[in-house]
Amino acid sequence: MRDGDLGGERPLPRLQVRGVSKTYAGRPVVPDLSLSVGAGEVVALVGPNGVGKTTVLRCVLGVESPDAGEVLLDGAPLRDNDPRVRRAVCAVLDDAGFYPDVTVLEHLDVLARAHGVADPDELVDGALAALRIEHVADQVPWTLSSGQRRRLSLAVALVRPWTLLVLDEPEQRLDAAGRAWLTGYLAAQASSGRSVLMASHDASLVAGAGARVVELHGDV
């Protein structure tokens, strides 16, 4: 499961995963995976449930520690407690990380201001409109539907800086309009030079975003 030589004269990939493996209860979930994501590239991890797609993403982000291998961001070890990494990497894994007692608008506003973006009010308003959640801006996350919470998760990527976006099945709980928006958004981000690594079961999203496919097979 290697996607080619990382050396030579090619530009340094934004993200490099080198020989990463992870075992649970004696079962190899991620066996010796190497991949790269270049600037301006979308890479999609595909494969059936249980082959380790989410585990790979969690190892990339430092949520899980791999048993072996390394993860590099712009040629340096990716450490989740590094301020450089926190600014460069945006992750949408689930919707468990919301502030429970602040509204949708306040949640996005806090993140935008914490990252020191210019014109945070404009960015937040634009994110609410793009994800079509203006009508729930004054609600707290636990009152939202599952689809609205997914849209809020994605809105986070619109209000903060990043160069690498990591997404775990972002199409889940989105309607057709939401999936169409997501497809166009990911393709546009790659065109602007940003990088995306995602796990997905949606072939239309993968193709529409122009993703390079990395197929996982687990321990098979």
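## Close-ups of a predicted model

**View 1. Ser195 and its partner Arg14.** With a relative accessibility of just 0%, Ser195 falls in the buried class. This is a predicted model, as are the views that follow. Ser195 belongs to strand S8, which covers residues 195-199. Its side chain still finds a polar partner: the side chain of Arg14 makes a polar contact with the side chain of Ser195, at 3.0 Å. So here we have a residue that counts as buried because 0% is under the 20% cut-off, and its side chain is in polar contact with that of Arg14.

**View 2. Trp181 and Tyr185, an aromatic pair.** How many aromatic pairs turn up in a search of the whole structure? The search comes back with one. That pair is Trp181 with Tyr185, and it is stacked, with 4.9 Å from centre to centre and 10 degrees between the planes. The planes count as stacked because 10 degrees is under the limit of 30 degrees. Both residues sit in helix H6 (residues 176-191), and since they are four residues apart there, about one helical turn separates them. Are the two partners buried or exposed? Trp181 is partly exposed, its relative accessible area being 23%, while Tyr185, at 12%, counts as buried. The cut-off for buried is under 20%, so 12% makes it and 23% does not.

**View 3. Arg194 over a Trp162 ring.** Here a charged side chain meets an aromatic face: Arg194 lies over the face of Trp162. The distance to the ring centre is 3.9 Å.

**View 4. The largest pocket and its lining.** This pocket holds about 740 Å³ of space. Its lining is made of 24 residues, and those that lie nearest the centre are Val89, Cys90, Ala91, Val92 and Arg160. Helix H2 (83-88), strand S6 (89-92) and helix H3 (104-114) are the elements that each give two or more residues to this lining. Which of the elements gives the most? That would be S6, with four residues. As for chemistry, the lining splits into 14 nonpolar residues, five polar ones and five charged ones.

**View 5. Cys90, one of the residues nearest the pocket centre.** Zooming in on the lining, we find Cys90 in strand S6. Cys90 counts as buried, at 1% relative accessibility, and is among the residues nearest the centre of the largest pocket. For a sense of scale, take Arg150: Cys90 and Arg150 are 60 residues apart in sequence, with 15 Å between their C-alpha atoms.

Conventions: Residues numbered from 1 in each chain as written. Predicted model: local features only at pLDDT ≥ 70, side-chain atom pairs only at ≥ 80, totals over all residues. Heavy atoms only, no water. 1 Å grid on protein atoms, 1.4 Å probe; cavity = no way out; pocket = protein on both sides within 12 Å on 5 of 7 lines; lining within 4 Å. Points joined across faces, edges and corners; volume = space filled by probe spheres on them. Nonpolar A, V, L, I, M, F, W, Y, C, P; charged D, E, K, R; others polar. Phe/Tyr/Trp six-rings, centres within 6.5 Å; stacked < 30°, edge-to-face > 60°. Buried < 20%, exposed > 50% of the residue type's maximum accessible area, 1.4 Å probe, protein only. Lys NZ or Arg CZ within 6 Å of the ring centre and 35° of its normal. Polar contact = N/O pair within 3.5 Å; in protein donor to acceptor, adjacent residues only side chain to side chain.
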